[in-house]
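Student: I should like to learn how the features of a structural model are read, one after another. May we work through an example together?

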Amino acid sequence: MFNFGSSSSESRYIRTTSQLKAEVLLKFPDSSQLRFFSEIEAAKLADTLRRRNVFARHSGENDFYVKQVTQLSNRTIIELYRFGEPDETYQQAAEAAALNRETSTSFKRTSP
C-alpha cells in the first residue's frame, strides 16, 4: 500500500488488487473507492512525487517509489483518504482496504 500525503493533515493510500477489474467507480461509505487508475494519472502522480522528493528528482528513473507508482498504471486500485499523520492512519487504511476488497468481491454485476 502506498501513502501519498496530499496535505499535512490528509493522507492518500493506494492499494492494487488483482482480484478485481474496475469498469465503473465504486464508492464506499467510508470515503474510499475502488476504481481504474489510468496511465495518465500514474504519470501525474510520479511527476508529483519527483517534484516533492529530492531523492526522487536526483535518482531519475531509478527511484524505487517512482517505479512503484508507474506500475500502478492501467490497474484497478483501492484508494482511501484519511486525516491524520501517515504513521497514525496507516493501519486503519490497510484494514479498510482489505475490507473493501472483500466487500467488492461479493458483488456480482448482472445485466438488467
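Tutor: Let us begin with a term: helices are DSSP runs of H or I of at least four residues, numbered from the N terminus. In this predicted model, helix α4 covers residues 86–105, and A93 lies in it.

Student: Which helices and strands does the protein chain contain, and in what pattern do they follow one another?

Tutor: Read along the sequence, the pattern is β-β-β-β-α-α-α-β-α. The total comes to 4 helices and 5 strands.

Student: Is A93 buried or exposed?

Tutor: The cut-off for buried is under 20% relative accessible area. A93 has 0% relative accessibility and therefore counts as buried. Across the protein chain, 36% of the 112 residues count as buried.

Student: What separates A93 from R15, in sequence and in space?

Tutor: The two are 78 residues apart in sequence, while their C-alpha atoms are 9.7 Å apart. For the protein chain, consider the contacts between residues at least 6 apart in sequence: 65% of these join residues at least 24 apart.

Student: Which residues make up the largest nonpolar core?

Tutor: That core has 10 residues: I14, F37, A42, L45, A46, L49, V66, V69, L72 and I77. At least two of them come from each of α1 (39–52) and α3 (64–70). The greatest contribution is that of α1, with 4 residues. Another core, of 8 residues, lies apart from it and includes Y13, L20, A93 and A96.

Student: What is notable about the phi of N74?

Tutor: As a general idea, most residues other than glycine have a negative phi. N74 has a positive phi, near 60°, although this residue is not glycine. Its place is the loop between α3 and β5 (75–83). With a relative accessibility of 43%, N74 counts as partly exposed, because that class lies between the 20% and 50% cut-offs.

Student: Where in the protein chain is confidence lowest, and where is it highest?

Tutor: Confidence is expressed as pLDDT, on a scale from 0 to 100. Strand β1 (residues 2–5) has the lowest confidence, at a mean of 55, and strand β4 (residues 33–37) the highest, at 91. The mean for the protein chain is 75, with 70% of its residues reaching 70 or more.

Student: Over which residues does pLDDT stay under 50?

Tutor: This applies to residues 108–112, for which the model has 2 contacts beyond four places in sequence.

Terms used. Residues are numbered from 1 along each chain as its sequence is written. This is a predicted model: local features need pLDDT of at least 70, side-chain atom pairs count only at pLDDT 80 or more; totals for chains, interfaces and linings use all residues. Side-chain values use heavy atoms; hydrogens and water are left out. Helices (H or I, at least four residues) and strands (E, at least two) are DSSP runs, numbered from the N terminus. Buried means under 20% relative accessible area, exposed over 50%, partly exposed in between (1.4 Å probe, protein chains only). Contact means heavy atoms within 4.5 Å. A nonpolar core is a set of buried Ala, Val, Leu, Ile, Met, Phe, Trp, Tyr and Cys residues joined through side-chain atoms within 4.5 Å. pLDDT is the predictor's confidence in each residue, from 0 to 100.
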